[in-house]
Amino acid sequence: MEDAAADADFERYVEAAIDSLPGDLRAMMSNVEVVVEDEPPAGQPLLGLYEGIPLTRRSSWYGAVPPDKISIYRGPLERHYGSDPLVLQREIRRVVLHEIAHHFGISDERLRELDRY
């Protein structure tokens with residue numbers, strides 16, 4: 001039962017991170033799905049991953065395509081930050097917002113410049 005409660009808390013933290021965005025930004029998110037997965041692909045030390053075509057690269061040809069995907073990886077986040085629920089929630093929010101930034105076309109380099117990496 002404890003694992004189910006922890007899973008539910010983790011998913012609530014992800015939802016809270018998305019809900020923390022200003023409404024106009026949430027409304028601009030388009031054709032993207034945010035999912036919680038247990039682990040990143042083998043050999044990749046990731047906390048989250050954005051896969052898709054950023055909004056800034058979409059044009060008139062963009063249509064009838066599967067949704068972009070933002071994966072948030074429960075295992076590494078819980079291993080690194082799970083001993084403190086407040087720290088875990090903060091780090092989940094950081095990762096979710098980082099991956100959403102990629103959906104908006106903001107690169108890792110630009111996030112470093114903005115001190116948001």
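E37 and K69 form a salt bridge, with 2.9 Å between the closest N and O atoms. The model is predicted. This pair links distant parts of the chain: E37 lies in strand β1 (residues 32–37) and K69 in strand β3 (residues 68–73), 32 residues apart. E37 is partly exposed at 25% relative accessibility. K69 is also partly exposed, at 30%.

The count comes to eight salt bridges. Three of them, with their N to O distances, are listed here.

| Acidic residue | Basic residue | Distance |
|---|---|---|
| E37 | K69 | 2.9 Å |
| D38 | R74 | 3.5 Å |
| E39 | R79 | 2.9 Å |

D38 and R74 meet through their side chains. They too join distant parts of the chain: D38 sits in the loop between β1 and β2 (48–51), R74 in helix α3 (residues 74–81), 36 residues apart. D38 is exposed, because its relative accessibility of 53% is over 50%. R74 is buried, because its 9% is under 20%.

E39 pairs with R79. E39 is in the loop between β1 and β2, R79 is in helix α3, and 40 residues separate them. E39 counts as partly exposed at 38% relative accessibility. R79 is exposed, with a relative accessible area of 58%. Elsewhere, salt bridges with shared partners join D7, E11, D38 and R74 into one network.

R74 has a further contact. It lies over the face of F10, 5.0 Å from the ring centre. What is the count of aromatic pairs? The count is zero.

Technical notes. Residues are numbered from 1 along each chain as its sequence is written. This is a predicted model: local features need pLDDT of at least 70, side-chain atom pairs count only at pLDDT 80 or more; totals for chains, interfaces and linings use all residues. Side-chain values use heavy atoms; hydrogens and water are left out. Rings of Phe, Tyr and Trp (its six-membered ring) pair if their centres lie within 6.5 Å; planes under 30 degrees apart count as stacked, over 60 as edge-to-face and the rest as tilted. A charge sits over a ring if NZ of Lys or CZ of Arg is within 6 Å of the ring centre and within 35 degrees of the ring normal. A salt bridge is a side-chain nitrogen of Lys or Arg within 4 Å of a carboxyl oxygen of Asp or Glu. Helices (H or I, at least four residues) and strands (E, at least two) are DSSP runs, numbered from the N terminus. Buried means under 20% relative accessible area, exposed over 50%, partly exposed in between (1.4 Å probe, protein chains only).
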